[in-house]
Amino acid sequence: MPKSAEDVLKLIKENNLGWVDLQFTDLPGRLHHITIPSTDVELESFKSGFGKLDGSSIRGFTEIFESDMVLMPLAETASLIPWSPGVMRILTDVYWGGGKGRFERDPRGVANTAEKFQQDRGYKSFFGPELEFFLFDKVDLDVATPQSGTGYKVHARESPWDNSGSFMIRYKEGYYPAPPVDKLMDVRVEIVDTLVKYFGFTIEATHHEVATAGQGEIDFRFSTLTDTADKVQTLKYVTKNIAAKHGLTATFMPKPIYGDNGTGMHTHFSLWSNEGKNLMFDPNDEYAEISQIGRYVIGGILHHARALSAIASPSVNSYRRLVPGFEAPVYTAWSKGNRSAIIRVPSYFRGIEKAKRIEYRAPDPSCNPYLLFSAVLMAAMDGVNRKIDPGNPVDENIYHLTPEKRREKGIRELPRSLDEALDELESDKEFLKPVFSNSIIDTYIDLKRQEAKTMQMYPHPMELYYYLDS
């Protein structure tokens, strides 16, 4: 991977590249791009940027009267695109036009600010997300005339509905099956191979996940906040393109299939000192080798969990995943090894300082990773600053506890809808203020309110099934 602007120019010349693809992320978390001639890329470009963006056409960015914006290329993110010969990809930061500085609603800018905020206070954080996704053979979607009805049909070579005899995967039985039952291993291997060879990833594992119909997961080596968010966007970009090459549809949608597990992005988090000490590790703690600071980190995330839902689970569809019985967290509790809790303290081995972390299980990959990781960090630091106690760990299956038992243990429910989550964020957003401007929080909430409102207007096919005879 290039380290400097000079390295990028050298890579362009050595590979005779004709085009450079400038990419950035909008406020909801979608990747956008513009392709320019490689001859336009000079050393000065990495200081002055490219005036190529109409911000009024990007969700959550600017109004039409202030739309000229600049894309500032990041040399360390440059890489060849193997499925587009002659093209290089570079991630960019977004700046106001006219020399007015960094655009305050650039999600990557929020991540940069969060990292500086923690560094100034003596901290460093690491993130390790586990991205799940589905690889479908085809999706038939009918929304052209919603007045007369809508519907969809998923085609998947492993599924019971498309494949009743040739090594199908039954509902909720997709965890780790070996080929030929796992029919998509070769595609996943091509994805991770591409990530390693072209995009600088260190891959820890890829495997089939619990659901039928091609659910997979890719885990890469943990890294710092902004770099990890960059990697999430890159992984989604590569996965979708490799899938398309094979005639497949890759989706990171949280809950595309009824009756089976949804798609999550369990996120591992650890807080360190700038001097390199894991502040969450205590070898003398008998429960999970978790320090008092580690408990405060957990306390902060649990305290703000309902508000975090608006960023961690940011779509209407996210709340179809967050229901009991499908390994998705519903209740605000913590534990070691208990996957019904929203925060798990992995405890595979003892005595390993660098491995001590928490796993925050609420997020799904429809989120904006720059905003999510920044919000998780701010909740964790609020917990440390205010010494928020997380309460006792819960080592029972929380789904099976009665409402009375949950109340006794101080366990709250996560929001049940996007609107409810947005209500929580509106009432609990002060902990974000040191890093998130009012502008970005208010604009994000407005965008998501409109999304929820739009979805509420469409009758669902199952509503006709249940209510047509009323």
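At what angle do helix 5 and helix 9 pack, and how far apart are their axes? The close-ups below come from a predicted model, and the first one takes up that question.

**View 1. Helix 5 packs with helix 9.** Here we're looking at helix 5, residues 225–245, together with helix 9, residues 369–386. The answer to the opening question is an angle of about 145 degrees, with the axes 8 Å apart. As for handedness, this crossing is right-handed. On the helix 5 side, the residues to pick out are Leu 225, Thr 226, Thr 228, Ala 229, Asp 230, Val 232 and Gln 233. They meet Pro 369, Tyr 370, Phe 373, Ser 374 and Leu 377 of helix 9. Sort the residues of this contact by class and you get seven nonpolar, four polar and one charged.

**View 2. A look into the second largest pocket.** This pocket holds about 1,100 Å³ of space. It is lined by 48 residues, and the ones closest to its centre are Glu 130, His 268, Arg 344, Tyr 348 and Arg 357. Several strands pitch in: strand 7 (123–136), strand 10 (203–208), strand 11 (215–220) and strand 13 (265–273) each give at least two residues to the lining. Strand 7 supplies the largest share, with six residues. What's the mix of classes in the lining of the second largest pocket? Count them up and there are 18 nonpolar, twelve polar and 18 charged residues.

**View 3. Two rings, Phe 201 and Phe 220, make an aromatic pair.** The whole structure has 18 aromatic pairs, and this view zooms in on one of them. The rings of Phe 201 and Phe 220 sit edge-to-face, with 75 degrees between their planes and 5.2 Å from centre to centre. Phe 201 belongs to the loop between helix 4 (185–199) and strand 10, while Phe 220 is in strand 11, so this pair ties together parts that lie 19 residues apart in sequence.

**View 4. A cis peptide bond joins Pro 179 to Pro 180.** Zoom in on the backbone here and you'll find an omega near 10 degrees for this bond. To get your bearings, look for Pro 180 in the loop between strand 9 (151–155) and helix 4.

**View 5. Asn 16 has a positive phi.** The value is about 55 degrees, even though Asn 16 is not a glycine. Where should you look for Asn 16? Head for the loop between helix 1 (5–14) and strand 1 (19–25).

Methods. Residues numbered from 1 in each chain as written. Predicted model: local features only at pLDDT ≥ 70, side-chain atom pairs only at ≥ 80, totals over all residues. Heavy atoms only, no water. 1 Å grid on protein atoms, 1.4 Å probe; cavity = no way out; pocket = protein on both sides within 12 Å on 5 of 7 lines; lining within 4 Å. Points joined across faces, edges and corners; volume = space filled by probe spheres on them. Helix = DSSP H or I, 4+ residues; strand = E, 2+ residues; numbered from the N terminus. Nonpolar A, V, L, I, M, F, W, Y, C, P; charged D, E, K, R; others polar. Axes fitted to C-alpha atoms, helices over the stretch in contact; angles between N-to-C directions. Left-handed = near helix turned anticlockwise from the far one by under 90°. Contact = heavy atoms within 4.5 Å. Phe/Tyr/Trp six-rings, centres within 6.5 Å; stacked < 30°, edge-to-face > 60°.
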